Amino acid sequence: MYRSHTCGELRQEHAGQEVTLAGWVHRRRDHGPLIFVDLRDRYGITQVVFDSASPEVHAVAEESRSEYVIQIRGLVRSRPPEAHNPDLSTGDVEVVALSASVLNPARTTPFYIAKEGGEEESLRLKYRYLDLRRERMQRNMILRHRVVKFMRDFLDAQGFLEIETPILIKSTPEGARDYLVPSRVHPGEFYALPQSPQQLKQLLMVAGYDKYFQVARCFRDEDLRADRQPEFTQLDMEMSFVEQEDVIHLTEQLFTELCAAVVPHKRVPTPFRRLTYAEAMERYGSDKPDLRYDLELVNLGDLLASTPFNVFKGALESGGQVKGLRAPGCAGYSRKQIDELTDIARGSGVKGLAWAAIPADGGDVRSSFAKFLGEGELQAIIARLEGQPGDLLLIVADRPGLVATTLDKLRREIAERLKLADPNVLNFSWVVDFPLLEWNPDENRWDAVHHPFTAPQDEDLPLMTSDPGKVRAKAYDVVLNGYEVGGGSIRIHRRDVQQQLFDLLGISQETALSQFGHMLEAFEYGAPPHGGIAPGIDRIVMLLADESTIREVMAFPKTQQAADLMTNAPSEVDERQLRDLHIRLAK
């Protein structure tokens, strides 16, 4: 028996007992006749005392170094009051070693395990198995486990069945690029790794499994960001005989109860706020706004309809917008700080940033544009933006999409600088009434905003032929603290409507049959109305753990270049493997 107890288990009631522990040397303090070792496993740390009165035992402690794996047999005793360690769950006791052995020595690690260092992330990822020993990473992995377990238990209690779907599937155009897997037994043909189980879960609804879920691994060959990876995990859910409100209600209940169970120190305002897509874009410039703070965007176009200022005038005459936001208390910003905000604006594609600072002492307004305005226009802008003494007003004029993107970035930047977002608040919201389609000018065709199986609003069905751009989708996103953490929709369940949408997307009937024939045929065998949602587990755990990237809550993530530094994947394969797969590389 390697251990009778874990290193986080011992308490006062164990005093006087003989125990066996095994773990890693976390810290070692040599006081000559006495050597103190903090022995660690994933459950905690126990202080072990090695006394020179037992020479063989003391020799093991002298030999041991950080991260050695050792086993000890010893006697639990209470620590004197002055030696109590309140930072440890085992801090009331220690173990006096009676026997000890080194199970495995360890080389000097490339970074400290016992404390967080300033090492490069690439080093942590190369030695991820060491990084995962750290308390913070173990805490994140345990949190992730508890989140997933809660989800499974919650849905099981709601009558859902967990059903696994294949990883090797057919490649179909759903948005992002597929990861392809060549078939050895079907030369020249390929499987794809699933971007999501979307089609399969809809087919499960046709099969009569009216409440399905899966903790699903998904794969997308797309450019990476802090909250994206080439492979990720989502809670995939689908239900039959439901409308949008049914899915929203269940999801809201899931997240409310989940947060109360796993992060009870955080506050979740309920009910979740609800915004239409148009309202979110108008007020926040984003379809995933952080609602822990206000800083709403304000349209100034009507005030400046006759302005002589060419920047504002030109934007409005070309169908653009002039919008602004108020940065409270930032009037004292230096030129350097304003230039930093201007660089952020330009990084979004606009030509510049207009600003006005209202002095806190009531002096004259400093501005980058006031001298170009007509009479009374500056005061009208200040009034519309509800500017107060001490405020900095930021204004952008350009195409609507660029204005939204730019002001969204500035809004987040100002909130970060002013620490407006309470880290102990989890502010969930819903964004609904997305457009079904968006025009792709490069391809001269319509694209699906979510995916091609999303149902249009019933009242907008006539617009499918007359004005597709105005069709609203039965789609809904759940947003948390500025991140989209789940997207869902009511699905199309009729073949004629699905074919109509394929036609709008420029998918010919021949291509539709080739790519989606299994779906179209299934809809003719009694497909029920159905819908669902797929919350992203990685992003949710990232936010619950107060981390900035999903890499911190994944055991073995890739870099932002989609590389695994620990195993050196992707890597070349030998010529024989390529021949077996009927593949020849073009160098």
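In the hairpin of β1 and β2, where two residues lie between the strands, glycine 32 takes a positive phi near 80°. This value, like every other one given here, belongs to a predicted model. The strands on either side of that turn, β1 (residues 18–31) and β2, pair in the antiparallel sense over seven bridges, and within this pairing arginine 28 stands opposite valine 37 in β2.

Strand β2 then continues the pattern on its other connection, for a hairpin of two residues joins β2 to β3. The strands β2 and β3 (residues 44–51) run antiparallel and are joined by eight bridges, with aspartate 38 standing opposite glutamine 47 in β3. How enclosed is strand β2 by the rest of the structure? Seven of the eight residues of β2 (residues 34–41) are buried, so the strand is largely enclosed by the rest of the structure. In a regular strand, the side chains alternate between the two faces of the sheet.

Further along the chain, an open sheet is formed by eight strands in the order β6-β9-β10-β22-β21-β20-β17-β11, and its pairing is mixed. Its edges are β6 (161–162) and β11 (273–276), each of which pairs on one side only. Within this sheet, β17 (residues 428–432) and β20 (residues 475–480) pair in the antiparallel sense over five bridges, and serine 429 stands opposite valine 479 in β20.

The largest pocket has a volume of about 1800 Å³, and its lining draws on several elements, of which β10 (231–240) and β21 (483–490) also belong to the eight-stranded sheet. Which element supplies the largest share of the lining of the largest pocket? That share, six residues, comes from β21. At least two lining residues each are also supplied by α5 (198–206), β18 (437–440), β19 (445–448) and α15 (537–544). In total 49 residues line the largest pocket, and those nearest its centre are Arg220, Arg228, Val449, His450 and Glu484. By character, the lining of this pocket divides into 16 nonpolar, 15 polar and 18 charged residues.

Enclosed space is described separately, and the count comes to two cavities of 30 Å³ or more. The largest cavity has a volume of about 40 Å³ and is lined by Leu125, Arg128, Phe556, Pro557, Asp564 and Met566; four of these lining residues are nonpolar and two are charged, with no polar residue among them. The second largest cavity holds about 30 Å³ of space, and its lining consists of Pro435, Leu436, Ala448, Val449, His450, His451, Thr454 and Ala473. Here the division is five nonpolar, three polar and no charged residues. Val449 and His450 thus appear in the lining of the second largest cavity as well as among the residues that lie nearest the centre of the largest pocket.

Finally, there are the cysteines. A disulfide is a covalent bond between the sulfur atoms of two cysteines, and the number of disulfides counted in this model is zero. Are cysteine 259 and cysteine 330 buried or exposed? Because buried means under 20% relative accessible area, cysteine 259 counts as buried at 1% relative accessibility, and cysteine 330, with a relative accessible area of 1%, is buried as well.

Methods:
Residues numbered from 1 in each chain as written. Predicted model: local features only at pLDDT ≥ 70, side-chain atom pairs only at ≥ 80, totals over all residues. Heavy atoms only, no water. 1 Å grid on protein atoms, 1.4 Å probe; cavity = no way out; pocket = protein on both sides within 12 Å on 5 of 7 lines; lining within 4 Å. Points joined across faces, edges and corners; volume = space filled by probe spheres on them. Helix = DSSP H or I, 4+ residues; strand = E, 2+ residues; numbered from the N terminus. Nonpolar A, V, L, I, M, F, W, Y, C, P; charged D, E, K, R; others polar. Buried < 20%, exposed > 50% of the residue type's maximum accessible area, 1.4 Å probe, protein only. Pairing = 2+ DSSP bridges. Disulfide = S-S within 2.5 Å.
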